[in-house]
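Trainee: Can we go through this one together? I have the sequence and the coordinates open.
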Amino acid sequence: MTHRIVILGAGYAGLGAAKRTAKLLRDRDVRMTLVDRDGRFFERVRTHQLATGQELRERRLPDVLAGTGIDLVTATVTGIDPDGRTVLLDAEPHAVLYDTLVYALGSGADVDAVPGVREHALTVADPAGAERLNARLDALPAKSAVVVVGGGLTGIEAATEIAETRPDLRVELVCDAPMGGWLSGRARRHLHRAFERRGIGLREGVRVAKVGPKEMLLEDGRSVPADAVVWAAGFRVPALAAEAGLAVDGHGRMRVDDRLRSVSHPEVYGIGDAAAGRAAGGRETRMSCQTGLPMGQFAAGDIARELTGRRPKPARIRYEWQNISLGRRDGVTQFTRADDSPVNAVLTGRISAWFKEMITRLAAWMTVR
């Protein structure tokens, strides 16, 4: 009897899982379906480049999946019925049945965290948001104020990329904690020097209360002029898992066991940003391609082991580094322990930028190969 495997999402986790599963089960009686709303694989770690007008390689899913035997459905998932093992879609065929489901729908910008963000801010969480930001930047005259909110990797990379591409703009980063506070002292010092060289303003330890069309209001009552606000202060996952009755954590991420299966519905695998797995040291997995890609590869192997009667084994998710772009010719590479905590080893400058570019290309190749 044909075993139906459905993968939701074609990012690093989902597409990687689909391609590897197809290879491992090429001689088995399975039918694989990949559902994605865009019909293309986009390197999400490059959204800050797209936002500043850089041309990026586009990989169309029909080309990527050619010869794999994987059916592609271009549609948005509107619901999941775990009892009927059915995925509901907004376009043909409107419903897809599964025996095994891989949930890899990723995450997006949290535009409802603060009043006015959805109406007035721009994001770099996906290609559409990055393209809108690029259009706004192109329309801004010299000396316009661009305020990036969020001191994590996304905010840092967006601020430095914009400042490098548009040195005529007044770029500022606003964050509620020390910028790069999770990094080693050497890495943080390089970040601050990079901001100083590019003339990027920095406000740390402040929180945004409201975003308006031409300004931001801080919780302490101060107003920050802003011709464009780039919101990079946190991400959120789709509500589909929670709405379907799958076990989720307080952030809506699917709770999974040591094989990345839903703790409430073991026929469903949760991988990538939308799942709360466990990395080395018991830490919750971080939202990144460095997490999503190995989770996808592991899920593929576990599905193959399950269907071929081999002994299962737990996932081992380990970290090695964090790469931060500071424009095209500068960067910080923070090497880490397996549990993602920083060590003293750091790369900076052009060598870090080159290293990240090589790792980014490798991650894309591993996903689509």
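Mentor: We will go from the whole chain to its sheets and then to single residues. Keep in mind that this is a predicted model.

Trainee: How many helices and strands are in the chain?
Mentor: The chain has 10 helices and 24 strands.

Trainee: And how compact is the chain?
Mentor: As compact as a globular protein of that length, because its radius of gyration is 21 Å, close to the 21 Å that the globule rule gives for 369 residues. The C-alpha trace spans about 65 × 45 × 35 Å along the principal axes.

Trainee: What share of the residues is buried?
Mentor: Buried residues account for 55% of the 369. As for contacts between residues at least 6 apart in sequence, 64% of them join residues at least 24 apart.

Trainee: On to the sheets. What is the strand order in the parallel one?
Mentor: The order is β13-β12-β11-β17, an open sheet of four strands with parallel pairing. At its edges are β13 (201-204) and β17 (228-231), each of which pairs on one side only. Neighbouring strands in this sheet are turned by 20° against each other on average, direction ignored.

Trainee: How many bridges are there between β11 and β12?
Mentor: Five bridges, between residues 145-149 of β11 and residues 170-175 of β12. In one of these pairings, Ala145 has Arg170 in β12 as its bridge partner.

Trainee: Which helix packs on that sheet?
Mentor: Helix α6, residues 153-165, which touches β11, β12 and β17. The direction of α6 makes about 170° with that of β12.

Trainee: Now the antiparallel sheet with three strands. What is the order there?
Mentor: β22-β23-β24, and this sheet is open too. The edge strands β22 (321-325) and β24 (342-348) each have a single partner strand, so one side of each is left without a neighbour in the sheet. Neighbouring strands here are turned by 20° on average, ignoring direction.

Trainee: What holds for the β23 and β24 pair?
Mentor: Strand β23, residues 331-336, runs antiparallel to β24 and is joined to it by four bridges. Thr333 stands opposite Leu347 in β24.

Trainee: Which helix lies across those strands?
Mentor: That is α10, residues 349-368, which lies across β22, β23 and β24 and runs at about 100° to β24.

Trainee: What span should α10 have, and what does the model give?
Mentor: At 1.5 Å a residue, its 20 residues should span 28 Å, and the end C-alpha atoms are 29 Å apart, which agrees.

Trainee: Which residues of α10 are buried?
Mentor: Among them are Gly349, Ser352, Ala353, Phe355, Lys356 and Glu357, and further along Thr360, Ala363, Ala364 and Thr367. When reading such a list, recall that an α-helix has 3.6 residues a turn, so residues three or four places apart point the same way.

Trainee: Different spot: where does Gln290 lie, and what does its side chain reach?
Mentor: Gln290 lies in helix α9, residues 289-307. Its side chain reaches the backbone oxygen of Trp321 at 2.6 Å. Outside its neighbours within four places in sequence, Gln290 is in contact with Tyr319, Glu320 and Trp321.

Trainee: Last one. Where is Pro93 found?
Mentor: In the loop between β7 (86-89) and β8 (95-97).

Trainee: Why does Pro93 count as partly exposed?
Mentor: Because its relative accessibility is 42%, and partly exposed covers what lies between the 20% and 50% cut-offs. Pro93 and Val73 are 20 residues apart in sequence, and their C-alpha atoms are 8.1 Å apart in space.

Definitions and conventions. Residues numbered from 1 in each chain as written. Predicted model: local features only at pLDDT ≥ 70, side-chain atom pairs only at ≥ 80, totals over all residues. Heavy atoms only, no water. Helix = DSSP H or I, 4+ residues; strand = E, 2+ residues; numbered from the N terminus. Polar contact = N/O pair within 3.5 Å; in protein donor to acceptor, adjacent residues only side chain to side chain. Contact = heavy atoms within 4.5 Å. Pairing = 2+ DSSP bridges. Axes fitted to C-alpha atoms, helices over the stretch in contact; angles between N-to-C directions. Expected span 1.5 Å × (residues − 1). Buried < 20%, exposed > 50% of the residue type's maximum accessible area, 1.4 Å probe, protein only. Rg over C-alpha atoms; globule rule 2.2 N^0.38 Å.
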